Amino acid sequence: MRTEDESLLRRAVEIAAAAVEGGDAPYGSLLAAEDGTILVEAHNTVRRDDDITAHPELKLARWAAQHLDAATAARTTMYTSCQPCEMCTGALARSGLGRVVYALASAQLAELAPGSGWPVVPQEGPNLFDEARVPIDHHQRVLAERRG
Ligand SMILES: [Zn+2]
């Protein structure tokens, strides 16, 4: 963590604390521009929204993908009160954000709040390769035609 990250990371923890006061789960995040300007803040609203995906990191990744061009997104930093979960990590990768600075690691959260993790859903595959590749192949042909 860089020296200049500390105050923005403290702000993410403040957002988490405020979320608890408002009846939500204790997780907060913000997205900052290269110069440290806060672009957007969010907290966990899973209970309020009855939405299992309403994690602040995912909301900010979605916001960045909708509102920032790729070059601008790559210069942002997300500050978050806890290490992003696997769902949010996937969204962060898709969003193209520059970096993430977190306070609590997932292992630390698990010690502080036992049961805060999730069970792993068994996945079975790959299957039906010849059938499943048809829409992929079709999409590749469409992209190739667009490129000329
Ligand atoms: Zn998450």
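Is Cys88 buried or exposed? Keep that in mind while you get your bearings; the tour comes back to it shortly. One thing to know before you click: this is a predicted model.

**Start with the whole chain**

Show the protein chain as a cartoon and colour it by secondary structure. You should find seven helices and four strands. Walking from the N terminus, the elements follow the order α-β-β-α-α-α-β-α-β-α-α. The radius of gyration is 18 Å, well over the 15 Å that the globule rule gives for 148 residues, so the chain is more spread out than a compact globule. Rotate the C-alpha trace onto its principal axes and its span comes to about 50 × 40 × 30 Å.

Two percentages go with this overview. Of the 148 residues in the protein chain, 26% are buried. Among contacts with a separation of 6 or more, 48% link residues that are 24 or more positions apart.

**Select Cys88**

Now for the opening question. Select Cys88, which you will find in helix α5, residues 86-95. Cys88 is buried, because 25 other C-beta atoms lie within 10 Å, and the cut-off for that label is 20 or more.

Next, show what surrounds Cys88. Leaving out residues up to four places away in sequence, Cys88 touches His55, Glu57, Leu58 and Ala61. Draw a distance from Cys88 to Leu58, C-alpha to C-alpha: the two are 5.0 Å apart in space and 30 residues apart in sequence.

**Widen the selection to α3 and α5**

Leu58 leads you into the next stop, helix α3, which covers residues 56-67. Display α3 and α5 together. Their axes come within 9 Å and cross at roughly 15 degrees. An angle under 35 degrees counts as roughly parallel, and α3 and α5 are therefore roughly parallel to each other. The crossing of α3 past α5 is left-handed.

Which residues in α3 meet which in α5? Turn on side chains for both groups:

- From α3, select Glu57, Leu58, Ala61, Arg62, Ala64 and Ala65.
- From α5, select Met87, Cys88, Ala91, Leu92, Arg94 and Ser95.

Colour this contact by residue type and you get eight nonpolar, one polar and three charged residues.

**Step back to Val46**

Select Val46, placed in helix α2, which spans residues 46-49. Val46 counts as partly exposed, because it has 14 C-beta neighbours inside 10 Å. Setting aside neighbours within four places in sequence, its contacts are Ala25, Asp51, Ile52 and Ala54. For another distance, pick Val46 and Pro56: they are ten residues apart in sequence, with 9.5 Å between their C-alpha atoms.

**Look at the backbone of Asp50**

Move along to Asp50, in the loop between α2 and α3. What is the phi of Asp50? It is near 50 degrees, a positive value in a residue other than glycine. That is worth a pause, because most residues other than glycine have a negative phi. Asp50 counts as exposed, because it has 8 C-beta neighbours inside 10 Å.

**Visit the loop between α6 and α7**

Zoom in on the loop that runs between α6 (106-112) and α7 (129-147). Three residues are stops here.

Begin with Ala113, which sits in this loop. Ala113 is partly exposed, because 13 other C-beta atoms lie within 10 Å. For a long distance line, connect Ala113 to Ala32: their C-alpha atoms are separated by 28 Å, and the residues are 81 apart along the chain.

Then select Pro126, found in the loop between α6 and α7. Which kind of peptide bond joins Gly125 and Pro126? The bond is cis, with omega about 0 degrees. For context, most peptide bonds are trans.

Finish on Leu128, in the loop between α6 and α7. Its phi is near 50 degrees, a positive value in a residue other than glycine. Leu128 is exposed, because 9 other C-beta atoms lie within 10 Å.

Key. Residues are numbered from 1 along each chain as its sequence is written. This is a predicted model: local features need pLDDT of at least 70, side-chain atom pairs count only at pLDDT 80 or more; totals for chains, interfaces and linings use all residues. Helices (H or I, at least four residues) and strands (E, at least two) are DSSP runs, numbered from the N terminus. A residue is buried if 20 or more other C-beta atoms lie within 10 Å of its own, exposed if 12 or fewer, and partly exposed in between; C-beta atoms are placed from the backbone. Two residues are in contact if their C-beta atoms, placed from the backbone, lie within 7 Å. Axes are lines fitted to C-alpha atoms, for helices over the stretch in contact, and angles run from 0 to 180 degrees between N-to-C directions. Angles under 35 degrees count as roughly parallel, over 145 as roughly antiparallel, 65 to 115 as roughly perpendicular and the rest as oblique. A crossing is left-handed if the near helix is turned anticlockwise from the far one by less than a right angle, and right-handed if clockwise. Ala, Val, Leu, Ile, Met, Phe, Trp, Tyr, Cys and Pro count as nonpolar, Asp, Glu, Lys and Arg as charged, and the others, Gly among them, as polar. The radius of gyration is taken over C-alpha atoms; the globule rule is 2.2 Å times the number of residues to the power 0.38.
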